[in-house]
Amino acid sequence: MEKKPFVTKEQIEEITKTYPTPFHIYDEKGFVDNAKKVYEAFSWNKGFREYFAVKAEPNPFIIKKLKEVGCGVDCSSYTELMIADKLGFRDDEIMYSSNETPEGEFKYCSSLGGIINLDDITMIDYVEKECGIPETISCRFNPGGIFKLSNGIMDNPGDSKYGMTYEQIIEAFKILKDKGAKKFGIHAFLASNTVTNEYYPNLARVIFNLAVDIKKQTGIAISFVNLSGGVGIPYEPGKEPNDIFKIGQGVKEVYEEILVPEGMDDVSIYTEMGRFMMGPYGALVTKAVHEKHIYKEYIGVDACAANLMRPAMYGSYHHITVLGKENEKADHVYDIVGSLCENNDKFAIDRKLPKIDMGDYIYIHDTGAHGFSMGYNYNGRLRSAELLLKEDGSVELIRRAETPADYFATFDFCDIMK
Ligand SMILES: *Cc1c(COP(=O)(O)O)cnc(C)c1O
């Protein structure tokens, strides 16, 4: 698939009269339509719910829109719970999938009625001390070994810090039942950013089989299976994106094969997608401000890794469009770089692009998930604004840019930076 910006150069020129670059901008129609499709794809399952992974894009304006479509929230920190709280999420609209959970967070989740998803068997005592054993409780499974999919994608659960072993999770359910829990769920997250329709169905097979074993060994009827996140997006052009309808259908087939014959036809399917919900519907817009010709050709832009860390952290590819030059030949080779004193602060390396002139707007695709939210303040660089391109074409500020006052706010106990 070709990658097309959801805004034009003319629109950006208009927007920058009010909001200077850099900024992240989100396509409301894009992510709302996509969220509706997710619900349609799983409409065969009566209890289906998508818990949007807040860490992917912790902006209350965005999450409010997703709530209107019916999404819950998947939180894993105190401040993420605060967003859920303020937006009025309660009870089974909140999933709390944390690990190495700091003090006070289970208690907060419990006060909102949210569902706690335990990462480890030792957390049973911990949660009991903090807020008592909740009536509804979930446990996270880690089958170990290597998780393979037929297109070569694999991940290594055996090396990951999350979840309980098979023996532990069975034991955990027995203990939780003895301690008075009434409603149970299983959660697992085995591979990240999978671009194949097979991931959820294969993961469902692993969890459904476990649900059957748990029923046989403990008498517990699992109420929900949480397939968590990991459904990916193609960051490179020319790749086929996931088809959520095929994914939903694939999970349905495994459900009918494994759960229905065991009489477990009332299990709700939950998901906790972040990337698939928001990734393609956000972009970082930045301006070419310097050029440099040494051993390579560099274009310096007014954003840096503080605004989008994925390329620096993982070497991730993010597609780039030079706005207004969509149809020009990509006959130049550039490194597109930010201002950090860190040589990994490069949005693109050896990228073929049209000739870039100073003042050109550089549109960095697919920053809607794990983009702004991974931002940091290295070198004292400030985080950008976030804008929402609404369905009617207007633009709303949904987070202002940081100012030096924000950066120095943690010295407010003294006078030195006043
Ligand atoms: C990060 C995370 C997600 C979302 O992952 P995506 O790759 O964005 O789909 C869901 N659940 C948990 C527990 C996570 O940590």
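Rings of Phe, Tyr and Trp count as a pair when their centres lie within 6.5 Å. Planes over 60 degrees apart make such a pair edge-to-face. Keep that in mind for the stops below. The model is predicted.

**Stop 1: the aromatic pairs**

Across the whole structure, a search finds 17 aromatic pairs. Select Phe-6 and Tyr-363. Their ring centres are 5.9 Å apart and their planes meet at 80°, so this pair is edge-to-face. Now colour by position along the chain. The pair joins distant parts of it: Phe-6 sits in the segment before helix 1 (9-15), Tyr-363 in strand 17 (residues 361-364), and 357 residues separate them. Buried or exposed: how do Phe-6 and Tyr-363 count? Phe-6 is buried at 18% relative accessibility. Tyr-363 is buried too, with a relative accessible area of 2%.

Move to Tyr-96 and Phe-106. Here the ring centres are 6.3 Å apart and the planes stand at 80°, so the pair is edge-to-face. Tyr-96 belongs to strand 4 (residues 94-96) and Phe-106 to helix 5 (residues 105-112), 10 residues apart. Show the surface. Tyr-96 is buried at 0% relative accessibility, and Phe-106 is buried at 1%.

Next, select Tyr-39, Phe-42, Trp-44, Phe-48, Phe-208 and Tyr-255 together. Ring pairs link these residues into a cluster. Keep Phe-208 labelled; it returns at the core.

**Stop 2: charges over rings**

Select Lys-67 and Phe-89. Lys-67 lies over the face of Phe-89, 5.1 Å from the ring centre. Then go to Arg-310 and Tyr-235. The charged end of Arg-310 sits over the Tyr-235 ring, 4.3 Å from its centre.

**Stop 3: the barrel**

Switch to cartoon. Which strands form the closed barrel? Follow the order 2-3-4-5-6-9-10-11: eight strands, with parallel pairing. Tyr-96, from the first stop, is in strand 4. On average, neighbouring strands of the sheet are turned by 25° against each other, direction ignored.

Zoom in on strand 6 (residues 136-140) and strand 9 (residues 183-187). They pair in the parallel sense over five bridges. Pick out Thr-136: opposite stands Lys-183 in strand 9.

**Stop 4: the nonpolar cores**

In soluble globular proteins, nonpolar side chains tend to be buried together. Select the largest nonpolar core in this model, which has 89 residues. Which members touch the most others? They are Leu-118, Ile-186, Tyr-200 and Phe-208. Phe-208 is also part of the ring cluster seen earlier. Now highlight helix 8 (residues 199-218). This helix gives the core its largest share, 10 residues.

Apart from that core lies another, of 16 residues. Select some of its members, including Ala-303, Ile-320, Ile-336 and Ile-364.

**Stop 5: the cysteines**

How many disulfides does a search of the whole structure find? Zero. A disulfide needs two cysteine sulfur atoms within 2.5 Å. Select Cys-139. The closest cysteine sulfur, in Cys-131, is 14 Å from the sulfur of Cys-139, so the two are too far apart for a bond. Cys-139 is buried, with a relative accessible area of 0%.

Finish at Cys-304. The closest cysteine sulfur is in Cys-341, at 10 Å, which is too far for a bond. Cys-304 is buried at 3% relative accessibility.

Definitions and conventions:
Residues numbered from 1 in each chain as written. Predicted model: local features only at pLDDT ≥ 70, side-chain atom pairs only at ≥ 80, totals over all residues. Heavy atoms only, no water. Phe/Tyr/Trp six-rings, centres within 6.5 Å; stacked < 30°, edge-to-face > 60°. Helix = DSSP H or I, 4+ residues; strand = E, 2+ residues; numbered from the N terminus. Buried < 20%, exposed > 50% of the residue type's maximum accessible area, 1.4 Å probe, protein only. Lys NZ or Arg CZ within 6 Å of the ring centre and 35° of its normal. Pairing = 2+ DSSP bridges. Axes fitted to C-alpha atoms, helices over the stretch in contact; angles between N-to-C directions. Core = buried A, V, L, I, M, F, W, Y, C linked by side-chain atoms within 4.5 Å.
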